[in-house]
Amino acid sequence: MWRRVSSLTGLLSHSKPSLLNQAPHRFNLLEAFTAQVLTRAKDGASPTVRTPFVAFVLGGPGSGKGTQCEKIVETYGFTHLSAGDLLRQAISSNYEDSAMIFNTIKEGKIVPSEVTVQLIQRAIESSSNYKFLIDGFPRSEENRVAFEKIIGAEPDVVLFFDVPEEEMVKRVLGRNQGRIDDNIDTVKKRLEVFAALNLPVIKHYSELGKVQKINAVGTTDEIFDRVRTVFAAYEAKFDDFVHIVVQKAII
Ligand SMILES: Nc1ncnc2c1ncn2[C@@H]1O[C@H](COP(=O)(O)OP(=O)(O)O)[C@@H](O)[C@H]1O
Ligand SMILES: O=c1ccn([C@@H]2O[C@H](COP(=O)(O)OP(=O)(O)O)[C@@H](O)[C@H]2O)c(=O)[nH]1
Ligand SMILES: [Mg+2]
């Protein structure tokens, strides 16, 4: 569960006014969510708030993250936020850091956290959904810490698509989407970066019991069947509500 939900509960019940003094971006996100998801039952019962559900989707380049995310969206109604897609859109929309992002992707390196987290944050804030797949992020411990600090949330689950390197290389070189990083030299660098910087993130969340490792070799449908099996244990949480206690002011 997102920490910011419990923060939100505190905020609405006026029990933790100091929250207002915390990171302004976190408060902005709370405010955005409150406006969108706070509902009052018709019978006058206490208001409820949707509990946001976040899945990080990790795996090496070409492990099938994007492919499986499309299927998860169709079946479970998640909003898919691919960090790589957000960065590529930023390049093509002449975002202020376009050149830096372009060169970093071309080199197979990782874009500074503040840039990527800001793009993810904006995408979350502009969505009316409360179920998010964050694909290809966090790619490093620095990314992870920045996300948790700025967004004020941890993921509910981390899907890790596990594929041998040779298979990942084959898939990336066959992807044919005209990407600047889908060539053998950059793929080798991306695999090194994945092992050095992304695996520690997976290790961190494994220690918290949040990682679901999925054998991602096989047909797309076979792999999606494995995803379904994993999601069966989480489905009840996808549409969680939290009841908010709003205290009456004492005059
Ligand atoms: N299970 C699979 N078997 C073979 N090829 C796959 C499989 N899943 C995806 N692909 C293909 O491999 C390439 C990389 O998949 P993609 O979903 O873009 O991976 P990622 O987002 O992890 O880089 C794409 O061309 C995709 O069509
Ligand atoms: O959080 C992220 C996600 C992606 N990238 C960059 O974008 C590239 C492509 O990422 P994407 O997730 O699209 O690649 P995939 O793993 O899906 O092939 C990566 O190699 C990185 O250079 C990044 O810097 N930070
Ligand atoms: Mg992808």
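How far does a backbone N or O atom of S63 lie from an oxygen atom of ligand 1? The distance is 3.2 Å, and that pair is a good way into this structure. This is a predicted model, where local features need pLDDT of at least 70, side-chain atom pairs count only at pLDDT 80 or more, and totals for chains, interfaces and linings use all residues. Residues are numbered from 1 along each chain as its sequence is written, chains are lettered from A and ligands numbered from 1 in the order in which they are written, and side-chain values use heavy atoms, with hydrogens and water left out.

**The largest pocket**

- Let's start with the space itself: a pocket is found on a 1 Å grid over the protein atoms alone, as an open set of points where a 1.4 Å probe fits, with protein on both sides within 12 Å along at least five of seven lines.
- The largest pocket holds about 910 Å³ of space, a volume being what is filled by probe spheres set on the grid points.
- Its lining (residues with an atom within 4 Å of a point) has 43 residues, and K65, R88, R175, R179 and R190 lie nearest the centre of the pocket.
- Two or more lining residues come from each of α3 (65-76), β3 (79-82), α4, α9 (184-207) and α10 (220-232); here helices (H or I, at least four residues) and strands (E, at least two) are DSSP runs, numbered from the N terminus.
- By class, the lining has 11 nonpolar, 20 polar and 12 charged residues; Ala, Val, Leu, Ile, Met, Phe, Trp, Tyr, Cys and Pro count as nonpolar, Asp, Glu, Lys and Arg as charged, and the others, Gly among them, as polar.

**Ligand 1**

- Ligand 1 sits in the largest pocket, as more than half of its atoms must lie within 2 Å of the grid points for that to be said.
- Around ligand 1 there are 14 residues, with G62, K65, T67, R175 and G218 the closest; to be near, a residue needs a heavy atom within 4 Å.
- Polar contacts (pairs of N or O atoms within 3.5 Å) include one of 2.9 Å between a ligand 1 oxygen atom and a polar backbone atom of K65.
- The side chain of R175 also has an N or O atom 2.8 Å from an oxygen atom of ligand 1.
- On its own ligand 1 exposes 560 Å², and the protein buries 74% of that; such areas come from the Shrake-Rupley method with a 1.4 Å probe.
- Helix α3 gives the largest share of the shell around ligand 1, with 3 residues.
- That shell has 2 nonpolar, 9 polar and 3 charged residues.

**Ligand 2**

- Ligand 2 sits in the largest pocket too.
- It is surrounded by 20 residues, and K65, R88, K109, V111 and R190 come nearest.
- One oxygen atom of ligand 2 is 2.5 Å from a polar backbone atom of K109.
- Side chains take part as well: a polar atom of R88 lies 2.8 Å from a ligand 2 oxygen atom, and an N or O atom of R175 is 2.9 Å from one.
- Taken alone, ligand 2 exposes 520 Å², of which the protein buries 96%.
- Helix α4 (residues 83-92) gives the most to this shell, with 4 residues.
- The shell around ligand 2 divides into 7 nonpolar, 5 polar and 8 charged residues.

**Backbone details**

- Most residues other than glycine have a negative phi, and most peptide bonds are trans.
- F137 and P138 are joined by a cis peptide bond, with omega about 0°, and P138 lies in the loop between β4 (131-135) and α7 (141-151).
- N176 is not a glycine, yet has a positive phi of about 60°; N176 lies in the loop between α8 (165-173) and α9.

Methods. A polar contact is a pair of N or O atoms within 3.5 Å; within protein, one must be able to donate a hydrogen and the other to accept it, and residues adjacent in sequence count only if both atoms are side-chain atoms.
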